[in-house]
Amino acid sequence: MQPSVAHAPPVQTFNEWDPLEEVVVGRLEGATVPMSHVTFDGNLPPVARRLYRPLAGRRYPRILVRRAQRELDQLIHVLEQAGVRVRRPDIVDFSVPCATPNWSSKGFCVASPRDGLIVIGDEIIETPMAWRSRQFEMRAYKTLLKEYFAGGARWTAAPRPQLLDSLYAGDEFRPRSKGEPVRYIIDESELVFDAADFVRCGRDLFVTRSNVTNCTGIEWLRRHLGDEFTIHEVESLCPQPMHIDTTFVPLAPGKVLVNPEYIDSARLPKVLASWDVLVAPEPDPIPGFLNVHLSLVSKWIAMNVFMLDERRVIVEASQTSMHKVLRDWGFEPIPTPFMNYKLFGGGFHCATLDIRRRGELQSYF
């Protein structure tokens, strides 16, 4: 029997697919274009870099916010129609500068709650993000975090990084070319990681090292979780690696969706040998000049789906090739438009943080 919201634990989720009961969905109010820094500029193609440069540190143009807000409202409607309780972060004006003794920066936005928080069981963990523009993003979630803690959840914050200049590659940084080893914007001088570089499969988690997650950050989470969980590293061949959810996406027990450009299936962790590895189709063309050239994500955002349960999956409406393969694999796609949200750095998985799913901790391997 499904527990009532009143008697359910405030925070509890162990994987990406158990039946969803409560979720945090991001906001666009107060969104500000990140200031020029290698963490932002180094992840953009040259055309986007030129277009964003005059907007750096300024509020996003209203027309872009309005288009994405319509899609966000529709996503919230889909979730609520499915019986999911939707929660929202507080509104924050990210155009207001923040500072530490070492640097100052304006903020970004809370479009992607997936990046700064990870839920594992009854624990919600604030992550030490590598972007200076995101270091004070958690203030938008404090109301919710205090509520969840008062209700019995565990609340942890990873060590706050200093984000000194020495952590980052210089402004001359360039991504790897084909055939070259991956270059990373960050080094190992302090621990940093985004939650969106991890996905959960019960007692096993999978992670990609990236331009926002280093080996030191992965090791911190490994030690913090202890022997009850195992973290497996997935090698990404992306020239600008950032976040696992356009590369390696668990959909249900025994089924994982992988990116054929970024993943060599022969080099996946051996624990996945018994799983079905589903190769994502080539994404359908993205319409619109702005959606192509102002996007903060790659075309593989089509893989950034969000599971309501083991069968129902929210997927971008324009990606009909993805709809077809998901149906062929036994899933029930829920097509929902979300392409304008790309300008704020994410898709469905990015824009959501599953707080409570109905299920128990178990091993799937």
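**Entry 1: a sheet with β1 in it**

In what order do the three strands of the open sheet with β1, β2 and β17 lie? I'm working on a predicted model, so I kept that in mind throughout. I looked it up, and the order is β2-β1-β17, with mixed pairing. The edges belong to β2 (85-87) and β17 (352-357). Each of these has a single partner strand, so one side of each has no neighbour in the sheet. From one strand to the next, the twist averages 25 degrees.

Next I checked how β1 and β2 are joined. They run parallel, and three bridges link them. I picked out Val-23 and found that its bridge partner in β2 is Val-86.

Then I looked for a helix on this sheet. I found α3 lying across β1, β2 and β17, and it runs at about 165 degrees to β1.

**Entry 2: the nonpolar cores**

Which element gives the most residues to the largest nonpolar core? It's α3, with eight residues. The core has 47 residues in total, and Tyr-52, Tyr-60, Leu-79 and Phe-344 touch the most other members. The elements giving two or more residues to this core are β1 (20-25), α1 (38-41), α2 (46-52) and α3 (62-81).

I wanted to see what Tyr-60 touches, so I skipped its neighbours within four places in sequence. Its contacts include Tyr-52 and Phe-344, and I also noted Ala-31, Val-65, Phe-108 and Leu-296 among them.

There is another core, apart from the largest one, with 18 residues. Among them are Val-249, Val-313, Met-322 and Phe-331.

**Entry 3: another open sheet**

I moved on to the sheet with the order β11-β12-β13, which is open, has three strands and shows mixed pairing. Its edge strands are β11 (248-252) and β13 (276-279), and each pairs on one side only. Neighbouring strands here are turned by 30 degrees against each other on average, direction ignored.

I zoomed in on β12 (residues 255-258). It runs parallel to β13, and four bridges join the two. One pair to find on screen is Lys-255, which stands opposite Asp-276 in β13.

**Entry 4: one valine in a loop**

Is Val-192 buried or exposed? It's buried, with a relative accessible area of 0%. I found Val-192 in the loop between β7 (154-157) and β8 (198-201). Leaving out residues up to four places away in sequence, Val-192 touches Pro-128, Met-129, Leu-163, Ile-186 and Val-212, among others.

I also compared Val-192 with Val-315. They sit 123 residues apart in sequence, and their C-alpha atoms are 30 Å apart in space.

**Entry 5: cysteines**

How many disulfides does the count come to? Zero. A disulfide is a covalent bond between the sulfur atoms of two cysteines, so I checked the distances. For Cys-109, the closest cysteine sulfur is in Cys-350, 11 Å away, which is too far for a bond. Cys-201 is in no disulfide either, and its nearest cysteine sulfur, again that of Cys-350, is 17 Å away.

I looked at burial too. Cys-109 counts as buried at 1% relative accessibility, and Cys-201 is buried at 0%.

**Entry 6: salt bridges**

Side chains of opposite charge can pair when their charged atoms come close. I got a count of 30 salt bridges, and I followed a few of them.

- Arg-134 pairs with Glu-137, with the closest N and O atoms 2.7 Å apart. Both Arg-134 and Glu-137 are buried.
- Glu-332 pairs with Arg-311, with the closest N and O atoms 3.3 Å apart. Glu-332 is in strand β16 (residues 332-336) and Arg-311 is in the loop between β14 (306-307) and β15 (312-316), so the pair ties together parts 21 residues apart in sequence. Glu-332 is partly exposed at 39% relative accessible area, and Arg-311 is partly exposed at 45%.
- Asp-354 and Arg-357 meet at 2.7 Å, N to O. Asp-354 is buried at 0% relative accessibility, and Arg-357 is buried at 2%.

Finally, I traced a network. Salt bridges with shared partners join Glu-21, Glu-22, Arg-85, Arg-87, Glu-147, Arg-356 and Arg-358.

Definitions and conventions:
Residues numbered from 1 in each chain as written. Predicted model: local features only at pLDDT ≥ 70, side-chain atom pairs only at ≥ 80, totals over all residues. Heavy atoms only, no water. Pairing = 2+ DSSP bridges. Axes fitted to C-alpha atoms, helices over the stretch in contact; angles between N-to-C directions. Disulfide = S-S within 2.5 Å. Buried < 20%, exposed > 50% of the residue type's maximum accessible area, 1.4 Å probe, protein only. Core = buried A, V, L, I, M, F, W, Y, C linked by side-chain atoms within 4.5 Å. Contact = heavy atoms within 4.5 Å. Salt bridge = Lys/Arg side-chain N within 4 Å of Asp/Glu carboxyl O.
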